[in-house]
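Student: Hey, can we go through this one together? I'd like to get my bearings before the exam.

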Amino acid sequence: MKIWLTHHAQALRLVLSRFKKNKLSTLLICLSIGVTLALPSVAYIVLDNLNGLVSSVKSESKISVFLTEKHDKALVTSIEKTLKQNPAIQQVTYVSKEDALEQLAAIDANKSILDSLQGNPLPDAFFIEPKLLEANSIDALKNDLSKLEGVETVLVDGTWIKRLNSMLLLGKKILIILASLLGFALVAVIGNTIRMQILTQSAEIELSQLIGATKSFIRRPFLYVGGLYGFGGGVLALLITWLMILFLNQTIQTIANSYQSDFNLHFLSFDEFLVILIISIALGWLSAYFSLTSSAKKT
Amino acid sequence: MITFDNVTKRYPGSIDAISNVSFSIEQGELVYVTGHSGAGKSTLLKLMAAIERPTNGTVLINNQNVSKLKEATLPFIRRKFGLIFQDHKLLYDRNCFQNVALPLAINGITGQEAAKRIRAALDKVGLLGREKSMPITLSGGEQQRLAIARAVVSKPAILIADEPTGNLDKNYAADILTLFKAFQQVGVTVIIATHDALGRADVENQSPNEKMESQTISHENTQPESKVLHLNHGKLTSTNISEVIV
């Protein structure tokens, strides 16, 4: 155990002293990892925030159920009962045609129009707030509702939310593709750098093998190099992301203010912060592992 | 210590580098492996140091059969040896001290303990004052001595040197030879491959018939426990009979 710790401390010290010797190239590699990771991170933050925005306007999305003109009170109560039992529905409000007319009349501009009408042309209606905002579940709900007896038409307002949701889904898919492609690029870049280092240290590696170094003794420093590149790159990625968000937020707040909203982009939570760092370290370590394995095959 | 029994080593696509070689080396012996270049001296040394495995036959090192050991345990066998290579294999990106530190690092020895042993090894070869020098600034003889310091720093029981004096002039060669003898005197088994630089030329001149090589060594500094393994085209022409010459 003690020897194991000594070996690791030894490898770490060796790697850190090599970094010190090649400050500029180490910084450049970390920076390229940082920039590469910052891109999907920012995209993730924007998507995540838009998602939050969509959920916050959830209450604005309503389904209007208009009843047929001829029906009795009993039907209304039975429909109301069915609606309240439907698990997909969050809230139901009943507005009778008299109430609706009154609401209309309350607005001055409508008075002249209402005066020219004979009787009350408005139907009785239910306004429904669905639980889920996904396009599929709303469509299903709409279908169910239009089949009910006494229901004339079902209108879904806020179709734009449906579209936005689909767009967000598309965005997420693009993000996943982008992130995985960039991940591959990172593995290639880090792997190549480490392969070059293995080549420049081939004399030392060969000698070490001859005088009794174990495989892990030789591999360990390179794995540390990969992991530390990943760590440095991850930290830089978070820093770059944070700066970008700060920069974007100035403009976003101006736009949001003009819509009377206090929307702005939130930075990553601690968990997400950790996930990005771990992914970055894992990518670095894996690249080192791959280049070591491919170099070992050649010798 | 080291026992070869009918050992053959064949590299892919070539004739046998070593064929049917049998001998054994005891603790504290000074062994010369001789023969012209291409005779298989280096291959023999590599087999001894568990760097190569035999194609046929058995190589026993401290009663462990090298061909039967797992790949992963070979490094630990190799640590029993101090190796001095024909081309030194010094690392030119670090100073003398750091060059000698490598075997200790492989053994997990660092810090004060390592520094003490590195300085002791450098002192033995007379390079104590040069620990901060880069190997490239050393003369040929000094580089060889640095390689010896690196080989002995982890106090191996067996020292193996491949043509240690090959590129040195006579005076330097004598120096190095004295150094090896000093190690032998404290109980280290020393195995030296050479073609002539250690006075072996005399022996070969005496008996031009390589098939039946004389086991005598006419070098005046030769230790009583000296032994010669003479190789000719991969075959041992001089068996391991120690000839005592004072």
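Tutor: Sure, and one term up front: a helix axis here is a line fitted to C-alpha atoms over the stretch in contact, and the angle between two axes runs from 0 to 180 degrees between their N-to-C directions. Also keep in mind that this is a predicted model.

Student: Okay, then use it: how do H3 and H5 of chain B cross?

Tutor: The axes of helix H3 (residues 96-106) and helix H5 (residues 140-152) of chain B come within 7 Å and cross at roughly 35°. The crossing of H3(B) past H5(B) is right-handed.

Student: And which residues make that contact?

Tutor: From H3(B) you have B:Cys96, B:Asn99, B:Val100, B:Leu102 and B:Pro103. H5(B) brings in B:Leu146, B:Ala149 and B:Arg150. By type, the residues of this contact split into 6 nonpolar, 1 polar and 1 charged.

Student: Any sheets in chain B? What's the strand order?

Tutor: There's an open sheet of 4 strands in chain B, ordered E2-E1-E4-E5, with antiparallel pairing. Its edge strands are E2 (16-25) and E5 (64-65) of chain B, and each of those pairs on one side only.

Student: How many bridges join E1 and E4 of chain B?

Tutor: Strand E1 (residues 2-10) and strand E4 (residues 56-61) of chain B are paired over 5 bridges, in the antiparallel sense. To find your place, look for B:Asp5, which stands opposite B:Thr58 in E4(B).

Student: Switching to chain A. What's it built from?

Tutor: Chain A has 10 helices and 4 strands. Along the sequence they follow the pattern α-α-β-α-β-α-α-β-α-β-α-α-α-α.

Student: Why is chain A called more spread out than a compact globule?

Tutor: Because its radius of gyration is 31 Å, well over the 19 Å that the globule rule gives for 299 residues. Along the principal axes, the C-alpha atoms of chain A fill a box of roughly 105 × 40 × 35 Å.

Student: What domains does chain A have?

Tutor: The domain assignment gives domain 1 (2-56 + 163-298) and domain 2 (62-157). The centres of those two domains of chain A, taken over C-alpha atoms, are separated by 53 Å.

Student: Last one: how many residues are in contact between chains A and B?

Tutor: 14 residues of chain A are in contact with 14 residues of chain B. On the chain A side, the elements giving two or more residues are helix H1 (2-21) and helix H8 (202-210).

Student: Which one gives the largest share?

Tutor: That's H8(A), with 5 residues. The chain A side as a whole divides into 7 nonpolar, 6 polar and 1 charged.

How values were computed
Residues are numbered from 1 along each chain as its sequence is written. Chains are lettered from A and ligands numbered from 1 in the order in which they are written. This is a predicted model: local features need pLDDT of at least 70, side-chain atom pairs count only at pLDDT 80 or more; totals for chains, interfaces and linings use all residues. Two residues are in contact if their C-beta atoms, placed from the backbone, lie within 7 Å. Ala, Val, Leu, Ile, Met, Phe, Trp, Tyr, Cys and Pro count as nonpolar, Asp, Glu, Lys and Arg as charged, and the others, Gly among them, as polar. Domain bounds come from an automatic or database domain assignment. Two strands pair if DSSP finds at least two bridges between them. A crossing is left-handed if the near helix is turned anticlockwise from the far one by less than a right angle, and right-handed if clockwise. The radius of gyration is taken over C-alpha atoms; the globule rule is 2.2 Å times the number of residues to the power 0.38.
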